[in-house]
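Here are my notes on the salt bridges and one pocket of this model. Please read them with the structure open.

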Amino acid sequence: MSSLRMLLRTLAVVGLSAALIAPSAPVRAEPSVAELTARIESSSAELERIVESYNKLTEEIKTNQTAAAGLHARIGPLEAQAAQSRAAVGEIAATAYKTGGLRTAEAILDPAGGSLVDRLGTLDQLTRHRQQQIDGYTADQRALLDQKARLDATLAKQAAQSRAVVKTKKRIEQDLAKLYEMRRAAYGRATEAPVKKPKSSGSGSASADTPDAPAVSGSAGAAVRYAYGAIGKPYVWGAEGPNGYDCSGLTLAAWRAAGKRLPHNAAMQWNATSRVSRSELRPGDLVFYSGLGHVALYVGSGQVIDAPSAGRNVLKRKMNMMSIAGYGRVR
């Protein structure tokens, strides 16, 4: 019996020791590189969507700034015209106050003023002329007030968009910090190393002898050469070169080098281009992805050049790297 008690006591001591030594909760293994990569890709896709919404807001602000400038330019002459009309109507009112109705009666009764029919015709013309001046003043004032109301609405919308831009920018910066930390954990550094390329003898990224660039004629060729010249440069959100790009910033810059203007937003670039089919694709066309959340420049042979995501560099890759929404040709 004593042996049994001793055995039980020994087992209890061993069990207590094990409980003290064992951790209270299972130790979670650090995420693998593959798991971190999956998280990075998911976060990058979400971040790019936010960046493109930021780009859209800034494009809309530019549009509203142009509209406001145009309204300001129109309001100046309208104010002068309305003041002139107001002065003319004021003169009519002062004359009417001074003369009352006697002048009209005298003009009709005075035989020296010509025949009664002529005198009535002259008075009718004067009345119509004065009424036209009054109507003109009213129209000028209405146009001026309408333009001012439109300007106020435009400026209010612009102010709201500016506040939204600031808010979106803060979110992007917070998301970037998390993304860079995940990249550092997965790859040992937050961003890809810059790519060193042989320099071409031409000037700028759109040089005709950019290494590896295919021979493409016309404005599309200029856009393609520019894109090749941008390979290896970092993704920089909201940027359109020359030292960094986001996805729509790269396609904008490439076609700007070809003398064409595109908005800095993938969805807006979709609206600014003509639809083509996959079989009709030519170098220089745009390839749109992920519900118009990403855009790349087609360079031929089933490949595109794009600015992929934060932490990465501009690169050339197969165009089927994600779900394709459609294709566009710059007009």
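1. Glutamate 46 and arginine 49 sit three residues apart in helix H2, which covers residues 33–99. That spacing is about one turn of the helix. Their side chains meet in a salt bridge, at 2.6 Å from N to O. Keep in mind that this is a predicted model.

2. How exposed is this pair? Glutamate 46 has a relative accessible area of 30%, and arginine 49 has 46%. Both values fall between the 20% and 50% cut-offs, so glutamate 46 counts as partly exposed and so does arginine 49.

3. Glutamate 46 has a second partner. Its side chain also meets that of arginine 171 in a salt bridge, here at 3.3 Å from N to O. Arginine 171 belongs to helix H4 (residues 116–187) and glutamate 46 to helix H2, so this contact ties together parts that are 125 residues apart in sequence. Arginine 171 is partly exposed, with a relative accessible area of 39%.

4. Which residues make up the network around these contacts? Salt bridges link Glu46, Arg49, Arg171 and Asp175. The structure as a whole holds 11 salt bridges.

5. Another salt bridge deserves a look. The side chains of arginine 312 and glutamate 192 meet at 3.3 Å, N to O. This pair links distant parts of the chain, 120 residues apart. Arginine 312 is in the loop between strand E4 (303–306) and strand E5 (315–318). Glutamate 192 is in the loop between H4 and helix H5 (218–230).

6. Are arginine 312 and glutamate 192 buried or exposed? Neither label applies, because a residue between 20% and 50% is classed as partly exposed. Arginine 312 is at 26% relative accessibility. Glutamate 192 has a relative accessible area of 28%.

7. Now the second largest pocket. It contains about 400 Å³ of space. The lining has 18 residues, and Glu41, Ser44, Ser309, Arg312 and Met322 are the closest to the pocket centre. Arg312 therefore appears twice in this note: in the salt bridge with glutamate 192, and among the residues closest to the centre of this pocket.

8. Which elements give two or more residues to that lining? They are H2 and H4. H2 gives the most, with six residues. By type, the lining of the second largest pocket divides evenly: six nonpolar, six polar and six charged residues.

Notes
Residues are numbered from 1 along each chain as its sequence is written. This is a predicted model: local features need pLDDT of at least 70, side-chain atom pairs count only at pLDDT 80 or more; totals for chains, interfaces and linings use all residues. Side-chain values use heavy atoms; hydrogens and water are left out. A salt bridge is a side-chain nitrogen of Lys or Arg within 4 Å of a carboxyl oxygen of Asp or Glu. Helices (H or I, at least four residues) and strands (E, at least two) are DSSP runs, numbered from the N terminus. Buried means under 20% relative accessible area, exposed over 50%, partly exposed in between (1.4 Å probe, protein chains only). On a 1 Å grid over the protein atoms alone, a cavity is a set of points where a 1.4 Å probe fits but cannot get out, and a pocket is an open set with protein on both sides within 12 Å along at least five of seven lines; lining residues have an atom within 4 Å of a point. Grid points are joined across faces, edges and corners, and a volume is the space filled by probe spheres set on the points. Ala, Val, Leu, Ile, Met, Phe, Trp, Tyr, Cys and Pro count as nonpolar, Asp, Glu, Lys and Arg as charged, and the others, Gly among them, as polar.
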